[in-house]
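Colleague: Please take a close look at the surroundings of the ligand in this model. I should also like to see how that part connects with the rest of the chain.

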Amino acid sequence: MVAVTSYSEDGTSRSTSTISLQVIHAELLEPHRSYEYCTPISRNIFRGDDDDMMPFIPYADDPTFDHVDHTLCYGSFAWQDDYDPDLEVISLETAYRLHTVHSLLYEDIDSTGVLPFKLFSTPGKTGLFTLSRRRDLLEWNGTAIPCSYSFPSSSLSRSILQHRLERTHALFCPNLNCIEPLCPVHELLKRVEYPCEAGCFLQSRTVEVLPCWNEDDINSFKSILDIESDMIPCDHAELCFKPCHEVRQHENDESFLWNEPCHHSGPCDGSSNCPCFMNKVHCQRNCRCPAKCARRWKGCRCAKARDGMSCVKAKRCSCVEARRECDPELCAKCGCRSTCGNSQIQQGHFKKLEVKESRWGVGVFLLEPVQQGEMIVEYVGELIYEMTFDSRGEVADHLGRSYVFGLNKTLSLDSSRAGNASRFINHSGASDTSSETQCNCRAFARLVNGEHRIGIFAIVNIDSGTEILIDYGPAFFTEQKNAEAT
Ligand SMILES: C[S@@+](CC[C@H](N)C(=O)[O-])C[C@H]1O[C@@H](n2cnc3c(N)ncnc32)[C@H](O)[C@@H]1O
């Protein structure tokens, strides 16, 4: 029984009545187990590496997580960075006076660590000199620094490979589809048309014996190629501290793969040492050669099909065979924006999906039937480098759930922090023959207008309501088990 009292505007009670309500005994509702947040995205986001400053300690109250080991992945802790704007001005002033009055090099001042800030930028952390150029520091009338004085913009330690990579990375981004917000490269794009030095690879055409490099040189070079494969030899040479033509010879050595967009004067053939020509690959959208260059990918000549399956049903679509999606600029007839069946990722026509409880945590289920060969969804996430793959991997291993897909030699696609429903797709091995847990989809990487993207495709006809399952591959669970054991 519930008593209901009504009140007049001045707050006095007017009447009270009693009503009886039906009592329903509901089943006990179990709360869903806790999950991490995930930002919804529809396109891959370039992240590169996470900040070097640790924002918080994950699983701080969980004694089974090795916090100490995990902190080693970071250079500093956000909660210890006690920000004081006065200190910036005092540090800058101190550095200036030590340099101008006592003739100390800025690099030496930095290496003593005597100032509370680093003067020069370090990986993931902006230095005081750069900060002072980017924003207005507090004004101090007693300063000895003249208005016209400018602090050095960068001082890159020869010994820190990351520094060298970051500096050159800031000058070259050959990706026309670059989706990095405010990518600095597109402001600084610089054409390299001339030999970088005497003995540049552009000038020395003769193939000599492979120059003898020691193990450290070769390891550094491999790291550079892993992180920055899309560079010309002149830039690699600068990073390696090696003569340009030696670098070129090592790049040609079959132990290294090099498939960067070309950037040179002259035609894309042997006379200009065009890297695409040398590596027997097509010039791509990101190459700096003219659009009508003979080495460019020509696209397919498949005809339009009314059922929206042109190129897929065509006997031999050159784009399909090369694992590229058709390119609206090149494939004139197949209808990349309508009838082409080989442009599903860029068209973004995905199937209706539902995420719900499955055998292995949460899974993804179809809300409509799908035909074999159709694309279901694009696997999207943050594009990350190996260092971040490792640091995030420690958390994923502890959690027992990993959302990372290897995309190519350099980048992985991680949907642990940003992604779409596809991040919840579970695994079924090829050997599983049970009708309910049989693998019914496959992930394919496609070159889409110069970018590697991953689509999840049906490998059989699938009914509505069925869980989507893909084979993660043999390494996935072995790596997870190894990580749990260590
Ligand atoms: C990309 S997530 C898939 C979504 C996950 N089920 C969830 O609830 O978030 C991958 C993780 O799911 C779990 N998983 C997926 N398929 C599995 C399977 N066949 N057997 C055991 N665990 C599986 C593993 O923990 C794996 O690291």
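Modeller: In this predicted model, 14 residues surround the ligand, and those that come nearest are W360, G361, V362, N426 and H427. Two elements give two or more residues to this shell, namely strand 8 (362-366) and strand 14 (426-427). By character, the shell comprises eight polar residues, four nonpolar ones and two charged ones. The model scores ipTM 0.99 and pTM 0.64.

Strand 8 leads from the ligand shell to the largest nonpolar core, since it is among the strands that supply at least two residues of that core. The core has 28 residues, and I376, C441, I456 and I468 have the most contacts inside it. Besides strand 8, the strands that each supply at least two residues are strand 9 (375-379), strand 10 (382-384), strand 15 (441-448), strand 16 (451-458) and strand 17 (469-470). Strand 9 gives the most, with four residues. In soluble globular proteins, nonpolar side chains tend to be buried together.

Strand 9 is itself mostly covered, five of its five residues being buried. It pairs with strand 16 in the antiparallel sense, over four bridges; within this pairing, Y379 has I454 of strand 16 as its bridge partner. I456 touches M375, I376, V377 and Y379, and its contacts beyond four places in sequence also include S422, I425, C441, A443, I468 and I470.

A second core, separate from the one just described, has 10 residues, among them C300, C317, C326 and C336. The C-alpha atom of C336 is separated by 8.0 Å from that of Q347, a residue 11 places away along the chain. Q347 belongs to helix 12, which covers residues 344-347. With 16 other C-beta atoms within 10 Å, Q347 is partly exposed.

For contrast, one may turn to the start of the chain. Strand 1 (residues 2-7) lies largely in the open, because the number of buried residues among its six is zero. Strand 1 runs antiparallel to strand 2 (residues 13-19), to which six bridges join it, and Y7 has S13 of strand 2 as its bridge partner. Five residues lie between the two strands of this hairpin, where G11 takes a positive phi near 95 degrees.

Backbone geometry deserves a remark at two further positions. Most residues other than glycine have a negative phi, and most peptide bonds are trans. Y59, although not a glycine, has a positive phi of about 50 degrees. Its place is the loop between strand 5 (53-54) and helix 1 (67-71), and it counts as partly exposed because 14 C-beta neighbours lie inside 10 Å. N273, also not a glycine, has a positive phi of about 55 degrees. N273 lies in the loop between helix 9 (244-252) and helix 10 (275-278); it is buried, with 20 other C-beta atoms within 10 Å.

Finally, a word on confidence. The chain has a mean pLDDT of 81, and 81% of its residues reach 70 or more. Over residues 181-192, however, the pLDDT is below 50, and this stretch has 15 contacts in the model beyond near neighbours in sequence. Residues 254-258 also stay under 50, and the model has seven contacts for them beyond four places in sequence.

Conventions:
Residues are numbered from 1 along each chain as its sequence is written. This is a predicted model: local features need pLDDT of at least 70, side-chain atom pairs count only at pLDDT 80 or more; totals for chains, interfaces and linings use all residues. A residue is near a molecule or strand if its C-beta atom, placed from the backbone, lies within 6 Å of it. Ala, Val, Leu, Ile, Met, Phe, Trp, Tyr, Cys and Pro count as nonpolar, Asp, Glu, Lys and Arg as charged, and the others, Gly among them, as polar. pLDDT is the predictor's confidence in each residue, from 0 to 100. Two residues are in contact if their C-beta atoms, placed from the backbone, lie within 7 Å. A nonpolar core is a set of buried Ala, Val, Leu, Ile, Met, Phe, Trp, Tyr and Cys residues joined through C-beta atoms within 7 Å. A residue is buried if 20 or more other C-beta atoms lie within 10 Å of its own, exposed if 12 or fewer, and partly exposed in between; C-beta atoms are placed from the backbone. Two strands pair if DSSP finds at least two bridges between them.
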